Amino acid sequence: QFKIGQTIKVYLSQVNSLSSGPKFFVSRADAGFLKRLFEEEIPEIYDGTVVIKDIAREAGERSKVAVYSTDPNVDPIGACIGQGGTKIQKICSQLGREKIDIVLYHEYPGLFIAEALKPASVVGVKLNEEAHNAIAVVKNDELRVAIGKRGINAILAVKLTNWKVDIKEIDVALNEGIVYDTLDQMTRKEENMILERRRQELLQLTQKENTQPVVEEVEVAPTVEETPVIEEVTPTPIVEEVKAEEPVVEVTPVVEEK
C-alpha cells in the first residue's frame, strides 16, 4: 500500500514507441527490480566482486538470490547480508514483508539444488540428467520446511535451479531404495568438474598459442647516411721521356796500299 505523495522506486522494464508518444512499463514485482536494489545497497555487487547468478521471486512473499564471488577471500553471502544483517534489512524495508534468501551458487546441479532448498537440511540428491529432474533427500521431519508455506520454498528452488525437484525424507528414500549422492560426494564431483574445465581451458589456450605464427623481434640499426670519402692524392709530376740523340759517327774507309 502506498500513500499520496510517497516516493517509491520502480523498475523500468520496457519502452514502446507509439504514434501518440513513448509508453513506459514500470514494475516492482520484476526480478530485475530486486537485482537493482542489491546493486544499489551492496558495493561488492556493484563493483563485480560478488555476482548475482540468478533470482527466483514471488513478489510480496519470498525471493531466492543465488550469488558467487570472483574473489576467494570474499564471502558472497556475508557480503550481501552485511554485519548484523544491515544490508539485507535495507533491501527488505523497500519490499514490505517480502523475505529474501541468499544462497550460494554451485556449478554442480546437486549442490545447487541442496542450497536452493534451504533452510531445509538436504543430506543428498539423486540426479537424472536425461530427464532433467532430481530427488532431494532431506532430514526426517523437515519435509514441511523444504516445501515451505503454500509450497513457496520448493517452487522458488525449482525456478532458481531450472530442475524439476521431488523432495523425500531419509526414511522414505531408504524404503523406496533410492540411491543418492551425499553432500561430500557431490562436493568432490564439483571439484573434479572445475579441474576438468580448467584443464580444457588451458589446453585450448596452449593449442591457440601453438597455431599462431611466431613473430621474432629484430632490432633494426639506425640508418646512417654515408659520407663520401675524399682521399687526398698527391699529384705525380709527369716526366716526359726524351730520347737522347745518338751521335753521328762518320766512318772513313781505310785503303791499304800495295
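In this predicted model, the protein chain exposes an accessible surface of about 19500 Å², and carbon and sulfur atoms contribute 52% of that area. Of the 258 residues in the chain, 29% are buried. The secondary structure consists of 9 helices and 9 strands. Among contacts with a separation of 6 or more, 59% link residues that are 24 or more positions apart.

A good place to look beneath the surface is glutamate 98, which sits in the loop connecting α4 (86–93) with β5 (99–104). Glutamate 98 counts as buried because its relative accessibility is 3%, and the cut-off for that class is under 20%. The side chain of glutamate 98 forms a polar contact of 2.4 Å with the side chain of serine 63. A polar atom of the glutamate 98 side chain also lies 2.9 Å from the backbone nitrogen of glycine 60. Once neighbours within four places in sequence are set aside, the contacts of glutamate 98 comprise Arg57, Glu58, Ala59, Gly60, Glu61, Arg62, Ser63 and Cys92.

Turning to the surface, a nonpolar patch is formed by Phe2, Ile8, Val10, Leu12, Val15, Phe24 and Val26, whose accessible area together is about 650 Å². At least two residues of this patch come from each of β1 (11–18) and β2 (21–27). Isoleucine 8, one of the patch members, belongs to the segment before β1. With a relative accessible area of 37%, isoleucine 8 falls between the 20% and 50% cut-offs and is therefore partly exposed.

Terms used: Residues numbered from 1 in each chain as written. Predicted model: local features only at pLDDT ≥ 70, side-chain atom pairs only at ≥ 80, totals over all residues. Heavy atoms only, no water. Helix = DSSP H or I, 4+ residues; strand = E, 2+ residues; numbered from the N terminus. Buried < 20%, exposed > 50% of the residue type's maximum accessible area, 1.4 Å probe, protein only. Contact = heavy atoms within 4.5 Å. Areas by Shrake-Rupley, 256 points an atom, 1.4 Å probe, with all protein chains shown as cover. Polar contact = N/O pair within 3.5 Å; in protein donor to acceptor, adjacent residues only side chain to side chain. Patch = residues over 30% accessible without salt bridge, like charges linked within 9 Å, V, L, I, M, F, W, Y side chains within 5 Å. Salt bridge = Lys/Arg side-chain N within 4 Å of Asp/Glu carboxyl O.
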